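Thank you all for coming, and please have the sequence and the structure open while I talk. I will begin with a single residue, and then move on to cores, pockets and ring pairs.

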Amino acid sequence: MSGELPGTKIDHLGIAVKSIAQARAFYEALGLRVTHEETVEHERVKTAMLPVGESRVELLEPTEEDSPVGKFLAKRGEGMHHVALQVEDITAAMERLKALGARFISDEVKVGAGGHLYFFVHPSSAGGVLVEIVQPAAESTHG
Ligand code: CO
């Protein structure tokens with residue numbers, strides 16, 4: 001399938017760190033600020049969001065060693081964990097990727113805190129990069 005999906009942009013870059021408390025100092029030295037922190041219980045991860053222009057850096061600190069981000073840290077150390085692309089129609093994006101035969105981390109769209117929708121595409125289908133597809137919560141798309 002081809003054709004544009006209007007409104008697609010980089011939503012955030014997810015970076016796996018051992019400690020948000022330590023890692024944030026680098027970004028704060030550059031004038032960035034943490035605007036949102038939360039623990040995502042079902043992913044067993046603490047997150048901190050720092051806006052950068054119209055995108056964001058998302059710091060990810062595992063709450064347990066055997067969580068997805070905890071395993072990533074054990075295997076690869078700190079570093080780039082995923083790239084999140086924001087789309088206006090997440091269902092259309094998933095259908096297009098299914099038509100392409102893409103592999104997903106989970107086969108359904110999930111609802112994140114604050115009501116945004118997301119799913120992850122396996123790195124084997126995206127040039128070795130874990131890709132998160134995000135659709136903002138309805139209220140924030142009209143802001
Ligand atoms: Co993310």
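Does Ala126 count as buried, partly exposed or exposed, and at what relative accessibility? Before I answer, please keep in mind that what you see is a predicted model. Ala126 sits in the loop that runs between strand 7 (117–121) and strand 8 (131–135), and its relative accessibility is 23%, so that it counts as partly exposed, given that buried would require a value under 20%. If you look for a partner elsewhere in the chain, Phe104 is 22 residues away from Ala126 in sequence, and the two C-alpha atoms are separated by 10 Å.

Let me stay with loops for a moment. Gly101 belongs to the loop between helix 3 and strand 6 (110–111), and because its relative accessible area is 58%, Gly101 is exposed. Gly101 lies 24 residues from Ser125 in sequence, while their C-alpha atoms are 8.3 Å apart in space. Another loop residue is Arg44, which is found between strand 2 (36–40) and strand 3. Arg44 has a phi near 50°, a positive value in a residue other than glycine, and at 26% relative accessibility Arg44 counts as partly exposed.

Now to the interior. The largest nonpolar core has eleven residues, among them Ile15, Val17, Ala48, Val57 and Leu59. Two or more residues of this core come from each of helix 1 (20–29), strand 3 (45–52) and strand 4 (55–62), and helix 1 supplies the largest share, with three residues. Apart from this core there is a second, separate one of ten residues, which includes Val87, Ala102, Phe104 and Val121. Within the largest core you will also find Leu32, and, if we leave aside neighbours within four places in sequence, Leu32 is in contact with Tyr27, Leu50, Pro51 and Val52.

A residue that shows several contacts at once is His81, in strand 5 (residues 79–86). Is His81 buried or exposed? At 13% relative accessibility His81 counts as buried, because the cut-off for that class is under 20%. Not counting residues up to four places away in sequence, His81 touches Gly14, Ile15, Ala16, Leu60, Val69, Phe72 and Leu130.

Next, the pockets. Rolling a probe the size of a water molecule over the atoms shows where empty space is left. The largest pocket has a volume of about 1500 Å³, and of the 49 residues that line it, His12, Glu58, His82, Phe120 and Glu132 lie nearest its centre. Helix 2 (residues 68–76) gives the most to this lining, namely six residues, and by class the lining is made up of 21 nonpolar, 17 polar and eleven charged residues.

What is the volume of the second largest pocket? The second largest pocket comes to about 160 Å³, and it is lined by ten residues, of which Leu5, Ala93, Arg96, Leu97 and Leu100 are the closest to its centre. Here helix 3 (residues 90–99) gives the most to the lining, with three residues, and the classes are eight nonpolar, one polar and one charged.

Let me turn to the aromatic rings. A pair of aromatic rings is described by the distance of the centres and the angle of the planes. The count comes to three aromatic pairs, and one of them joins Phe26 and Tyr27 in an edge-to-face arrangement, with 4.9 Å centre to centre and 90° between the planes. Phe26 is exposed, because its relative accessibility is 53%, whereas Tyr27, at 14%, counts as buried. Tyr118 and Phe120 form another edge-to-face pair, at 6.0 Å centre to centre with 80° between the planes, and both Tyr118 and Phe120 are buried. You will remember Phe120 from among the residues nearest the centre of the largest pocket.

I will finish with helix 4 (residues 138–141), where Ala138 lies. Ala138 is exposed, because its relative accessible area is 53% and the cut-off for that class is over 50%. Ala138 and Glu88 are 50 residues apart in sequence, yet in space the distance from C-alpha to C-alpha is 9.8 Å.

How values were computed: Residues numbered from 1 in each chain as written. Predicted model: local features only at pLDDT ≥ 70, side-chain atom pairs only at ≥ 80, totals over all residues. Heavy atoms only, no water. Core = buried A, V, L, I, M, F, W, Y, C linked by side-chain atoms within 4.5 Å. Buried < 20%, exposed > 50% of the residue type's maximum accessible area, 1.4 Å probe, protein only. Helix = DSSP H or I, 4+ residues; strand = E, 2+ residues; numbered from the N terminus. Contact = heavy atoms within 4.5 Å. 1 Å grid on protein atoms, 1.4 Å probe; cavity = no way out; pocket = protein on both sides within 12 Å on 5 of 7 lines; lining within 4 Å. Points joined across faces, edges and corners; volume = space filled by probe spheres on them. Nonpolar A, V, L, I, M, F, W, Y, C, P; charged D, E, K, R; others polar. Phe/Tyr/Trp six-rings, centres within 6.5 Å; stacked < 30°, edge-to-face > 60°.
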